[in-house]
Amino acid sequence: MLKQPIYDTGLYYRLSRDDDNAGESNSIATQRMMLRRYAEENGLRVVDEYIDDGYSGTNFDRPDFQRMISDIEAGKINCVVTKDLSRLGRNYLLTGQYMEMYFPMHGVRYIAVDNGVDSNNKQDNDFTPFLNIINEWYAKDISRKVQRAMHTRFEHGAHYGAYAPLGYIKDPEQKGHLLIDDETKWIIEKVFALAVQGAGAAKITRILTAEQVPTPAWWNFQRYGTFGRVFAGEPEGKRYAWTIAQVKSILKDETYIGNSIHNKQTNVSFKCKRKIRKPKDEWWRVEDTHEAIIAKDDFDRVQELIDTRRRRQRDGQTQIFSGLVKCADCGWSMAYGMNRQNKTPYGHYHCSKYGQGLHQCTMHYIRYDVLYAYVLSRLQYWIQTVQHDGEATEKRLLQATDAEHAAANKRAEMELQRAKKLSLIHISE
């Protein structure tokens with residue numbers, strides 16, 4: 001009589017918001033009760049349970065699913081049981097990859113109870129790929145319905161972000177409506193007042209930080225307890241740590257003139273949740289959906305001032321040293337800018353970390369024409385040298401390369417000897 005193999009089993013449960021309409025039949029409690037009973041009746045030894053509550057089946061980047069994969073890799077389990085195929089996933093390509101390749105490669109038996117799928121019974125699994133496709137169609141249909149519902153909300157200008165923008169609070173009596181927050185609107189007024197007076201985003205950032213104006217994240221932390229990890233154990237200055245990006249975002253936000261802008265970004269697809277930016281002509285703009293904090297004339301004036309400060313050349317050309325010039329002290333990229341204060345404007349590079357507004361480095365600076373002339377002279381030198389005596393130049397370059405390799409090998413050998421010495425000291429202790 002053949003000895004039955006022992007299956008160390010992981011029971012996997014998943015529930016997403018898309019499953020709410022299915023009621024109790026797909027609840028975690030129901031899945032657990034069904035799979036526990038199945039395991040007991042079929043002699044499966046349950047080693048662990050894996051629960052992803054609130055996670056979509058269209059991708060496999062789920063905490064407990066990844067924990068289950070780690071346990072498979074470690075040899076802890078060799079059998080996976082789910083209520084049905086859709087609990088494993090609704091992406092038929094990835095679901096099929098796990099079922100047809102990953103599980104067999106790692107000697108894992110897979111069972112989907114409701115669908116009658118058991119990898120030990122190959123003849124009963126011919127219809128399985130079609131079930132996976134049907135599950136993906138379901139997820140795609142749900143995605144379409146959600147998009148249509150969101151577009152209907154967009155047309156009415158409703159705000160459905162996790163938090164109200166700084167200067168506003170959510171209306172407790174009307175979902176999606178914003179009310180002016182008297183406690184924080186002064187910050188928005190201050191930012192725009194400084195911008196109208198000619199201050200750029202970097203200068204405004206420095207002023208807000210110096211005057212200890214709390215950031216939007218700090219206000220949310222104080223009111224709702226969110227961002228606790230950002231502020232827990234940090235010095236008081238953390239709450240005033242504004243960035244240029246935050247200030248720029250405020251200055252360009254039409255929310256402050258009473259408009260609602262939606263559909264700025266979207267997922268790559270219903271399978272991939274990575275966000276991509278959408279072109280402006282696809283944005284949803286609904287005007288006068290709530291009370292404005294900033295006058296439209298002031299807002300338009302600020303946009304004009306922002307446009308005049310664009311660092312990119314007006315003819316749209318990209319600088320040839322873009323991304324290549326680095327700060328010798330901090331290693332950040334040197335940012336390109338134009339100095340128009342002199343009679344003859346000129347381009348220059350400066351440390352972008354220093355330019356963030358908090359002076360975290362020093363104002364390293366080099367004119368574009370000086371850098372261009374130097375790089376050109378060095379290129380001309382090497383071209384002339386090669387043309388005059390190519391073999392000698394090649395030999396010099398090879399010697400320089402050999403010297404670099406020798407120095408690197410010497411450093412590696414020193415590190416190895418140091419590591420061996422530390423190892424011997426550790427052993428002797």
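**Exercise 1. Helix 2 against the sheet**

Task: In this predicted model, find which strands helix 2 lies across, and give the angle to strand 2.

Solution: Start by selecting residues 63-73, the span of helix 2. Next, look at what lies beneath: helix 2 crosses strand 1, strand 2 and strand 3. Finally, compare directions with strand 2, where the angle comes to about 150 degrees.

**Exercise 2. Helix 1 on the strands**

Task: Work out which strands helix 1 lies across, and how the helix runs relative to strand 1.

Solution: Take residues 28-41 as helix 1. The strands it lies across are strand 1, strand 2, strand 3 (79-82) and strand 4 (109-112). Relative to strand 1, helix 1 runs at about 160 degrees.

**Exercise 3. Laying out the sheet**

Task: Write down the strand order of the open sheet, then decide which strands stand at its edges.

Solution: The sheet has 5 strands in the order 2-1-3-4-5, with mixed pairing. Strand 2 (45-53) and strand 5 (117-118) each have a single partner strand, so they stand at the edges and one side of each lacks a neighbour in the sheet. Now zoom in on one pair: strand 1 (residues 8-15) and strand 2 run parallel, joined over 8 bridges. Within that pair, Leu 15 sits opposite Asp 53 of strand 2.

**Exercise 4. Stepping back**

Task: Summarise the whole protein by its secondary structure, burial and contacts.

Solution: Count the elements to get 13 helices and 14 strands. Then apply the burial cut-off of under 20% relative accessible area: 37% of the 429 residues count as buried. For contacts between residues at least 6 apart in sequence, 61% join residues at least 24 apart.

How values were computed: Residues numbered from 1 in each chain as written. Predicted model: local features only at pLDDT ≥ 70, side-chain atom pairs only at ≥ 80, totals over all residues. Heavy atoms only, no water. Helix = DSSP H or I, 4+ residues; strand = E, 2+ residues; numbered from the N terminus. Buried < 20%, exposed > 50% of the residue type's maximum accessible area, 1.4 Å probe, protein only. Contact = heavy atoms within 4.5 Å. Pairing = 2+ DSSP bridges. Axes fitted to C-alpha atoms, helices over the stretch in contact; angles between N-to-C directions.
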